Amino acid sequence: MTAIISISQLNKTYASGLVALQDVDLDIRRGEIFALLGPNGAGKTTLISVVCGISTPTSGRVTVDGHDILSDYRAARAKIGLVPQELYTDMFETPWATMNFSRGLFGLPPNPAHLEQVLRDLSLWGKRHDKIMTLSGGMKRRVLIAKALAHEPGVLFLDEPTAGVDVELRRDMWSLVRRLRDGGVTVILTTHYIAEAEEMADRIGVISKGKLILVEAKSVLMKKLGKKQLTLHLQEPLVEIPSGLSDWGLTLNNDGSDLEFTFDSSKEHTTIPVLLRRLGELGIAFKDLNTRQSSLEEIFVSLVTERR
Amino acid sequence: MNTATQTLKFNYHAILAIYKFEMARFKRTLWQSLVTPVITTSLYFVVFGAAIGSRMGEVDGIHYGSFIVPGLIMLSLFTESVSNASFGIHMPRFTGTIFEILSAPVSAFEIVLAYVGAAATKSILLGLIILATANLFVPIHIEHPFWMAGFLLLVAVTFSLFGFIVGVWAKGFEQLQFVPMLILTPLTFLGGVFYSIDMLPDGWRTFSLFNPIVYVISGFRWSFYGSADVGVGISLAATSVFFLLCLGLVWLIFRTGYRLKS
Ligand SMILES: Nc1ncnc2c1ncn2[C@@H]1O[C@H](COP(=O)(O)OP(=O)(O)OP(=O)(O)O)[C@@H](O)[C@H]1O
Ligand SMILES: [Mg+2]
């Protein structure tokens, strides 16, 4: 697959001297949903701002569908729709007027039918003539999405699209993103909700302190780092792991009352019954047990904290 | 996906969009935008034209009430151009909506054309309304209508450019008020709206010649009555220099991204 956005050796240092991006190399594939994960201040918004022309890069090169964002900015920008993180809207305008404004700004003649479709998709049609300031926060965010889609972009940036959005609306947003992808739009989203990346993304990039530390297909990432954990809550706390269990790689937690076993769920199917039998033989009784799969969230936290 | 933008060379849709947006803002505040200056101007005529003017006699052979008309129009043109253009570009910076303009396929020239064009349109409209209002109070004669229109346009555009610069420079609404209040208004009042600088004592007269507003008002008044404080050529040159200066500053703003891009 060809790259629709190609970022190479991108650096951004703000006037304050703060290094927000460091040697970022990234190719976004045509038609994919790419999730950019990272803690607060990692540089996600900065990366988007540079690609979209809001911030100037300190060094490096970015192309959008083969067009350089600096020397060929018109062609590059015309392809991009951007939904910013903050709710920047013209409070006195109506959704309808502000969408027409956006479409014109991107150099296109009016197309009421398209705008109607977008507004209907976002359940905003009934509100199209209301002043934006009378809309709720979630509606304002959808107005921003509607604006970004007004010029039929091939690439859509969503900077934390579901921040402050309720569960139902989040589901709607996800299905909208999928529909866009099915229509051939490349979507790049940033999020703090790992569940969102897990649910939506084809590929995931993790950024921390201005450095892109990992880019991987979600399925590979989950498999590679996806571990399962069994916790046994013991009846009697143990002082140390009995020698009969020493080759299991167990850990004692919670003052010896929890026994934890971490294993690779994709390979070891029969280990748990064996372990439980072994415990029975050694006379170690437990009150309760639970297993869980490490989520992307933990993978992410471990990745980011490793770097700190 | 669109293909129309692939060959985009000049984004007139964008210019139109910004222009219309600005004019819509104007319409929303039509009452304040038009009625306030009309009332203010009428008051000037009542006070200066009728009450004081009747005792003033003539300036340069022109009835005092008529004499102050070009200056009053200029006074409104300055303040309206500056405040409209500065507010127009400052507002999106303040609310954050400027992100969209910066991320759109528009050139600096197109952005300036749209904002300055809209601000200039408004102030010219206003200037004409004041002219019409003045016509109700005093006899007005325009000796060089083309020069008059030319000055009106040049001044409106120049001060709108100046306002654009102020709007980009200002860090808040206080600073936005600061330039018109503390710089423009005094220079205008001292620039010969209500008097000919010939009426000033010698020292002050020379001092006035350093005030650029004097040239602008003088040129505009010449287009009405054919008489002026300074030659019309000098007026035109001075106004043009100010115009080019503003143009250069705007160019620099976009070159460096000053206070627009981080
Ligand atoms: N205009 C600016 N001037 C100076 N520093 C900035 C500017 N914008 C962002 N920064 C700094 O750059 C770093 C990266 O910020 P950025 O907004 O890109 O982070 P982020 O990953 O989007 O964070 P969040 O998840 O909180 O949105 C931060 O340290 C931030 O303080
Ligand atoms: Mg951010």
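Q85(A) is partly exposed, at a relative accessible area of 26%. This residue is a good place to enter the structure, which is a predicted model. Q85(A) donates its OE1 atom to the magnesium ion (ligand 2), and T45(A) donates its OG1 atom to that ion. These protein donors lie 1.9 to 2.1 Å from the magnesium ion. T45(A) belongs to helix α1 (residues 44-52) of chain A, while Q85(A) sits in the loop between β6 (80-83) and α3 (95-105) of chain A. The two residues are 40 residues apart, and the pair links distant parts of the chain. T45(A) has a relative accessibility of 33% and therefore counts as partly exposed, because the class runs between 20% and 50%.

**The site of ligand 1**

Which residues come nearest to ligand 1? They are N40(A), G41(A), K44(A), T45(A) and T46(A), out of 16 residues around the ligand. The site is shared between chains, because residues from chains A and B surround ligand 1. Helix α1(A) gives the most to this shell, with three residues. Sorted by class, the shell around ligand 1 holds nine polar, five nonpolar and two charged residues.

Several N or O atoms of chain A lie close enough to ligand 1 to be listed with a distance. The table sets them out.

| Protein side | Ligand 1 side | Distance |
|---|---|---|
| Y14(A), N or O atom in the side chain | nitrogen atom | 3.3 Å |
| A42(A), backbone N or O atom | oxygen atom | 3.1 Å |
| E160(A), polar side-chain atom | oxygen atom | 3.3 Å |

Ligand 1 taken alone exposes 630 Å², and the protein buries 67% of that area.

**Helix α1 of chain A**

How many of the nine residues of α1(A) are buried? Eight are, so this helix is largely enclosed by the rest of the structure. The buried residues of α1(A) are K44(A), T46(A), L47(A), I48(A), S49(A), V50(A), V51(A) and C52(A). T45(A), the magnesium donor in this helix, is partly exposed, with its relative accessibility of 33%. After α1(A) comes G53(A), which has a positive phi near 95 degrees.

**D68 and the loop before it**

D68(A) is part of strand β5 (residues 67-68) of chain A. Is D68(A) buried or exposed? Its relative accessibility is 12%, so D68(A) counts as buried, the limit being under 20%. The side chain of D68(A) takes part in a polar contact of 2.9 Å with the side chain of R61(A). The D68(A) side chain also reaches the backbone nitrogen of L70(A), at 2.7 Å. Apart from neighbours within four places in sequence, D68(A) is in contact with R61(A), V62(A), T63(A), Y73(A) and A76(A). R61(A) thus appears both in this contact list and in the polar contact of 2.9 Å.

The loop between β4 (59-64) and β5 of chain A contains D65(A). The phi of D65(A) is positive, near 50 degrees, in a residue other than glycine. D65(A) is partly exposed, with a relative accessible area of 26%.

Elsewhere in chain A, S123(A) has a positive phi as well, near 55 degrees, and it is likewise a residue other than glycine. S123(A) lies in the loop between α4 (112-121) and α5 (137-149) of chain A. At 52% relative accessibility, S123(A) counts as exposed, because the class begins over 50%.

**Two positions in chain B**

S160(B) is located in helix α6 (residues 145-169) of chain B. With a relative accessibility of 0%, S160(B) counts as buried. The side chain of S160(B) reaches the backbone nitrogen of A120(B) at 3.4 Å. Leaving out neighbours within four places in sequence, S160(B) is in contact with S81(B), A85(B), V116(B), A119(B) and A120(B).

A108(B) is in helix α5 (residues 108-137) of chain B, and it is partly exposed, with a relative accessible area of 27%. How far apart in space are A108(B) and R255(B), C-alpha to C-alpha? The distance is 8.9 Å, while the two are 147 residues apart in sequence.

Conventions:
Residues are numbered from 1 along each chain as its sequence is written. Chains are lettered from A and ligands numbered from 1 in the order in which they are written. This is a predicted model: local features need pLDDT of at least 70, side-chain atom pairs count only at pLDDT 80 or more; totals for chains, interfaces and linings use all residues. Side-chain values use heavy atoms; hydrogens and water are left out. Donors are N, O and S atoms within 2.8 Å of the metal (3.2 Å for Na, K and Ca); water is not among the atoms, so sites may look incomplete. Helices (H or I, at least four residues) and strands (E, at least two) are DSSP runs, numbered from the N terminus. Buried means under 20% relative accessible area, exposed over 50%, partly exposed in between (1.4 Å probe, protein chains only). A residue is near a molecule or strand if one of its heavy atoms lies within 4 Å of it. A polar contact is a pair of N or O atoms within 3.5 Å; within protein, one must be able to donate a hydrogen and the other to accept it, and residues adjacent in sequence count only if both atoms are side-chain atoms. Accessible areas come from the Shrake-Rupley method with a 1.4 Å probe; for residues, only the protein chains shown count as cover. Ala, Val, Leu, Ile, Met, Phe, Trp, Tyr, Cys and Pro count as nonpolar, Asp, Glu, Lys and Arg as charged, and the others, Gly among them, as polar. Contact means heavy atoms within 4.5 Å.
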